[in-house]
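Dear colleague,

Please find below the structure that I am handing over to you, together with its sequence. My findings follow directly after it.

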Amino acid sequence: SGKMTGKGRISWASGATYEGDFSGNYLHGFGTFTGSDGSLYTGGWRMNSQHGIGRKQYQNSDVYDGCWKEGKREGSGRYAWSNSNMYIGSWKNGKMSGRGVMKWLNGDLFDGFWSNGLRHGTGCYRFADGGYYFGTWTKGFKDGQGTFYPTGNKHSARRKSSADKNGEKKKRLLVHSSSVNTENSVRPHVRRSHSEKISNTL
């Protein structure tokens, strides 16, 4: 029939290569794909798409280890940015979605729910200095009231409200967010003021 089945290697004019399993002319089974951009994927394939468990190192040295579905990150996985930020949790359609933990290089950590690459739902934000903020996020931003536990004083929580003066506004603004490009590496967009103070709108 002339169709490629079994193990083999193929190269494209672009410089991309694939070495691994084929079935009926499809990349299907287990194999390694080196992109023309220098990216490298090793893992499962189904009908020419990354599918199953796989590891991809992107051109910018970001690395994703986890589940794939029809060429996109889906299921559970770990994404490590080249700047040492890391997300471990659920993915859907290439974006952080469901329960997950994000840890930033500065030591801050968010454990909670995500949707479409943004914090969405309940979660706990832990500051590098040991303080905690429990609350709800909508599309990446705090929504409604939350509870802040200052460093070393976890029993005397301060409720956030418009009645607060300047007492708790010295903590950094909780607006770390990540926007995920479904085709390429995940590009976090960090929006923080220089003073990193909590806004009056909490």
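I begin with a pair of neighbouring elements: strand 9 and strand 10, the latter covering residues 109–115, are paired in the antiparallel sense over six bridges. Please keep in mind throughout that this is a predicted model. In the hairpin that these two strands form, five residues lie between them, and one residue there, Gly107, has a positive phi near 100°.

Strand 9 also has a partner in strand 8, which spans residues 86–92; this pairing, too, is antiparallel and runs over six bridges. Here the hairpin has two residues between the strands, and Asn93 adopts a positive phi near 55°.

A residue that links these descriptions is Lys103, which belongs to strand 9, residues 95–103. Which residues stand across from Lys103? In strand 10, its bridge partner is Leu109, while Met86 stands opposite Lys103 in strand 9. Leaving aside residues up to four places away in sequence, Lys103 touches Ser84, Asn85, Met86, Asp108 and Leu109. Ala128 is 25 residues away from Lys103 in sequence, and their C-alpha atoms are 9.9 Å apart in space.

Is Lys103 buried or exposed? Its relative accessible area is 43%. Because partly exposed covers the range between under 20% (buried) and over 50% (exposed), Lys103 counts as partly exposed.

Two asparagines deserve your attention for their backbone angles. Most residues other than glycine have a negative phi. Asn93, however, has a positive phi of about 55° although it is not a glycine; Asn93 is found in the loop between strand 8 and strand 9. Asn25 likewise has a positive phi, near 75°, and sits in the loop between strand 2 (17–23) and strand 3 (26–34). Both residues are partly exposed: the relative accessible area is 41% for Asn93 and 42% for Asn25.

Finally, I turn to the protein chain as a whole. How many helices and strands does the protein chain have? There are zero helices and 17 strands. Of the 202 residues in the chain, 39% are buried. The accessible surface comes to about 10700 Å², and carbon and sulfur atoms account for 49% of that surface. Among the contacts between residues at least 6 apart in sequence, 18% join residues at least 24 apart.

With kind regards

Conventions: Residues are numbered from 1 along each chain as its sequence is written. This is a predicted model: local features need pLDDT of at least 70, side-chain atom pairs count only at pLDDT 80 or more; totals for chains, interfaces and linings use all residues. Side-chain values use heavy atoms; hydrogens and water are left out. Helices (H or I, at least four residues) and strands (E, at least two) are DSSP runs, numbered from the N terminus. Buried means under 20% relative accessible area, exposed over 50%, partly exposed in between (1.4 Å probe, protein chains only). Contact means heavy atoms within 4.5 Å. Accessible areas come from the Shrake-Rupley method with a 1.4 Å probe; for residues, only the protein chains shown count as cover. Two strands pair if DSSP finds at least two bridges between them.
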